[in-house]
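User: Got a minute to go through this one with me? I want to talk cavities, then a helix.

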Amino acid sequence: MGVLPWLLALGGGIAAAPYGPASVWPAALALVCALGVVLLRRHPRRQTAAGLAFFFLSGYLLYGLALAPDAGRSGLRAWCGVGELGVDAEVLSLGRRSGDKSYLDLRVHVLRKDGQVLRVDGRLRLFLDGPATAVLPGDHLRFRTSLRTPHNFGTPGEFDYPRYLAARGIEASAYLKNLEEAAVLPGTAPLGPRLLAAAWRQRVLGLIEACVPEDTAGLLAALLVGDKGGLSDTQRQILARGGISHLFSISGLHLGLIGFYAYQLVFFFWRRSTWLLLHFPPKRFLPVFLLPLLLAYLLLTGEALPTQRAFLMATAGAVLWACSRRTAPLNLLWSAGLLFLLFEPLLLFEASFQLSFAGVLGIMLLVPRWSPHCPQRPFVLRWLCLLALTTLAATLATLPLTLLHFHLLAPAALVTNLLAVPAIGLVAVPVGLAAVVLALVWEAGARYLLILDGLVVQATFDLMAWLTETPLLGGVQLYLTPRVLLGVFALCLLVLAGHHWRRRWRGATAGMASLLLLIPVAPPPGLQVIALSVGQGDATLLSAAPGRHILIDGGGVRSETFDVGARLIAPALGHLGIGRLDAVVLTHDHPDHRLGLHQVLTHFPVDEFWSPLPLEELDTELARLVQARSIKVRHFAPGWTVIEREPCLLAVFRAEGEGLSVNDQSLVIYAGQGQDGVLLTADLEERGVGALLLHPLPGPVSLLKLPHHGSARSRTEQLAEALTPAAAFVSAGRHNVYRLPAQSVVEGLARQNIPLFRTDTQGSLRMRSQGAGWVIENWEKGRFRQSGGAVFANYFMDSHAEPL
């Protein structure tokens, strides 16, 4: 049996770990399986089963060990959330973010708290609002800040940021406005390769910024030294839609190009020495001599994880070649994947690892099978044909992963790579690398080469931008359910490896893929409310049979680098199987309710847009999107307006009166079925709540959304006393600066025996009712789970809740 089954077992254990319980049983079972491998030598099948079980359980355990930081007082996690601390740390690496922001990865040695000096050892990511060009790896910083524990929002389909940081050994994060708030102490360690490479990198970046236009500088910095912080959002979108992001992300392709050019150059001189040819055959030994050059480029480009993996693969291949060992390329790929996951199990969830592995696998499986059909002559035509086949194979292999991580279908990749790969690989990379080398000895010459390289890169990028504007190549944002993604994966797997399978297995895989892709998502029975956890903001999905969905507000984290619509709301809608919205409601025009709607209005079909104000009085960008999509706009008269009565009662309330604040003009949504009803009160404050209580409600209220995120100024206790709901929920951000929901409100609900569910502590909430009580669940470990048996029966309403 080859390496592949062991790799699949290990990967399966790692993949299952986030959804399983943490206990000692996997460790005990792993020991039993290891013992079975030793004792079952005379029973090969049982021994193999025990070995596979051992690898599966090992993967399960390795995941937990990789995520678990040092919980003692010597680790950083113990000091998160304890207030301001003095920090002494060493700079490990630095990087740029969009908008001239940056970050530093630090190794913390000392914390100071209340006059005490505390020895710690852990990694910290420090975010800065300004550049970090004044420091180099090895420098020491002293500053005061508060440590934060990385956490997820708790929303379906979101990117797991704490796991991303854990894969880099980072336990905590912190923030400074700029480096002027820190004391920078030059490093005392002797000059080493990393420090020299960092200084060289800063020099190259300075030359690029000095002699190349700003838009081109970001592209050139990403291409040559792996610094993608200078890329604008528009450039990133064009690169992604064009399917050429891999060309501007330092990876195995760049190392391969460097190795190829260096091999040809060194071989030109090597073959002129008879002694070298006789004692060190170049095809056998030359790749080993080129490894220091590849290592220097790895250090220069910041030692990104994809580049590290590519370098290790190149090293393994060179060593095997030098030792005259031959192995099947697929076995080498399986072995490399197994070793990577054994030492770094969290790599399994890294998009870069998955895309690199799948892309190489697709090329290995399909190109040898298709290449005999390419024309043999002329050479240029054959080369272009092979390039097209390689692009097609890599695109098919990475399609499910591209849809999973980036929600993007980029058909332009099949065309753009035929043009961009030659321009970048044959012209831009060698010219740029020559400039990088000249930057050490001849700055003027490096400037001329960088200017020339900038012209080539910008021309290539402009051509790609033009191609992506064509109707068939523009790229499509697709937010798919896990089931549909699994169907796409099955189809791609059938294309990649189906020719190795028996006919019945091919038929079974095709049938399973068809079922996964064609069976529609069943609409929720009855009434369903999902409060999405979007930080300090509001985003609520209201669903009613048969398949009617209304999104109420879109959240809006106040961050230039975090789009709540693209990162949270749109993926959540796709994960939940929402492909179309009957209405999008903006309860009032505040950023924490509006910003996330831009992505939704752009990429989802929407029938109606509801707002308390005319379109011309709303945010300009939002109004433009509504008009561009030709979405019907609907306004409401003061008081209650019944939208529909069957199958669920749906009504909208708008307060009236002079001098009402924007919050008090918020639209209030009521939905009811049977004896259950939910009241979504947006950001009503005192006057708005008072106006609401003066109007008879459309039906009973057994579930209440606290007004204005649980503010003490919204008369919440009076509202709850009048409505007597069975349960309440609130949308708020974790550790928000407004300290919402207010403690007085929480205590008031407790006195009234009304359970309160919170997105800040429980993540996204799903509340379901078929008219006889609410089932309340929260998002945890990949699915909605019932919150401690939270089933709440109806309370019978008083006369003030009689239907209209």
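User: How do the residues lining the largest cavity divide into nonpolar, polar and charged?
Analyst: This is a predicted model. In it, the lining of the largest cavity has 8 nonpolar residues, 1 polar and 2 charged.

User: Which residues are they?
Analyst: L527, L542, S543, A544, R548, I550, E644, C648, L649, L650 and A671 line the largest cavity.

User: Which strand gives the most to that lining?
Analyst: β10, with 3 residues. At least two residues each come from β10 (540-544), β11 (548-552) and β16 (649-654).

User: What volume does the largest cavity have?
Analyst: About 80 Å³. The structure holds 3 cavities of 30 Å³ or more.

User: And the second largest, how much space lies in there?
Analyst: About 70 Å³. Its lining divides into 6 nonpolar, 3 polar and 3 charged residues. Among them are D538, D553 and K705.

User: Switching to α6. How many of its residues are buried?
Analyst: 10 of 12, so α6 is mostly covered, with buried meaning under 20% relative accessible area. The buried ones include T216, G218 and V225.

User: How far apart are the end C-alpha atoms of α6?
Analyst: They are 16 Å apart. That agrees with the expected span, because 12 residues (214-225) at 1.5 Å a residue should also cover 16 Å.

User: What follows α6?
Analyst: G226 does, and its phi is positive, near 75°.

Notes:
Residues numbered from 1 in each chain as written. Predicted model: local features only at pLDDT ≥ 70, side-chain atom pairs only at ≥ 80, totals over all residues. Heavy atoms only, no water. Helix = DSSP H or I, 4+ residues; strand = E, 2+ residues; numbered from the N terminus. Expected span 1.5 Å × (residues − 1). Buried < 20%, exposed > 50% of the residue type's maximum accessible area, 1.4 Å probe, protein only. 1 Å grid on protein atoms, 1.4 Å probe; cavity = no way out; pocket = protein on both sides within 12 Å on 5 of 7 lines; lining within 4 Å. Points joined across faces, edges and corners; volume = space filled by probe spheres on them. Nonpolar A, V, L, I, M, F, W, Y, C, P; charged D, E, K, R; others polar.
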